[in-house]
Amino acid sequence: MNTMNTKPVKLNQLSTLSTTRTRGLGRLAHDCQAILSTIFKNLIDSLDYWETILSKQRYLCGNQLTQADICLFTTLYCFDSVYYVLFKCNLRRILDYPNLWNYLKDLYQHPGFKVTCNLDYTKRAYYMSMTEINPNRIVPKGPIVDFDEIHDRVRL
């Protein structure tokens with residue numbers, strides 16, 4: 001049985017409905033973009049803030065490693081390989097922030113950090129599970145990141 005409504009629709013009704021729906025969607029898309037733009041700006045502002053702080057001191061709270069450093073480490077560790085690409089946080093990589101990059105390498109090279117890290121596993125976990133934004137579940141091969149590269153944090 002065909003339950004489709006076959007009554008003729010007046011052209012002006014269709015036009016009104018279409019315009020209302022289109023404007024509504026357009027407004028929602030604009031609002032979403034505005035929210036995302038604000039979040040993106042906050043992210044970049046935060047990275048810039050910590051870049052400045054870390055130009056003057058070795059760790060977030062001075063010269064002693066704290067839980068705050070451990071928390072930031074997990075985000076910075078994933079940033080270039082996951083957030084930059086998958087979440088489109090692609091204005092600058094951590095590698096482009098000299099103090100954040102050297103800070104990240106410094107933390108990674110501390111005893112206890114490196115043994116907890118597996119970048120391939122982390123990338124697979126993100127890229128394979130986020131099917132709404134990566135429906136084909138493609139896991140990029142790069143970037144190649146050398147966390148064992150010499151850092152300059154001992155100067156602080």
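## Largest pocket

In this predicted model, the largest pocket is lined by L36, I39, F40, L43, F87, K88 and C89. Its volume is about 180 Å³. By residue class, the lining comprises six nonpolar residues, no polar ones and one charged residue. The charged member is K88, because Lys counts as charged, and K88 belongs to the lining.

Two of the lining residues have further features. K88, just after helix α2, takes a positive phi of about 60°. C89 is buried, with a relative accessible area of 13%.

## Helix α2

Helix α2 covers residues 67–86, a run of 20 residues. From its first C-alpha to its last, α2 reaches 27 Å, close to the 28 Å expected at 1.5 Å a residue. The helix nevertheless bends by about 75° at F79.

F79 is itself buried. Other buried positions in α2 include D69, L72, F73, L76, Y77 and C78. D80, S81, V82, Y83 and L86 of α2 are buried as well.

## Cysteines

The structure holds zero disulfides. C117 is accordingly in no disulfide, and the nearest cysteine sulfur, that of C78, is 8.4 Å away. A disulfide requires the two cysteine sulfur atoms to be within 2.5 Å, so a separation of 8.4 Å does not qualify.

C117 is buried, with a relative accessible area of 17%. C78, within helix α2, is also buried. C89, in the lining of the largest pocket, counts as buried because its relative accessible area of 13% is under 20%.

Methods
Residues are numbered from 1 along each chain as its sequence is written. This is a predicted model: local features need pLDDT of at least 70, side-chain atom pairs count only at pLDDT 80 or more; totals for chains, interfaces and linings use all residues. Side-chain values use heavy atoms; hydrogens and water are left out. On a 1 Å grid over the protein atoms alone, a cavity is a set of points where a 1.4 Å probe fits but cannot get out, and a pocket is an open set with protein on both sides within 12 Å along at least five of seven lines; lining residues have an atom within 4 Å of a point. Grid points are joined across faces, edges and corners, and a volume is the space filled by probe spheres set on the points. Helices (H or I, at least four residues) and strands (E, at least two) are DSSP runs, numbered from the N terminus. The expected span of a helix is 1.5 Å times one less than its number of residues. The bend at a residue is the angle between axes fitted to the seven residues ending there and the seven starting there. Buried means under 20% relative accessible area, exposed over 50%, partly exposed in between (1.4 Å probe, protein chains only).
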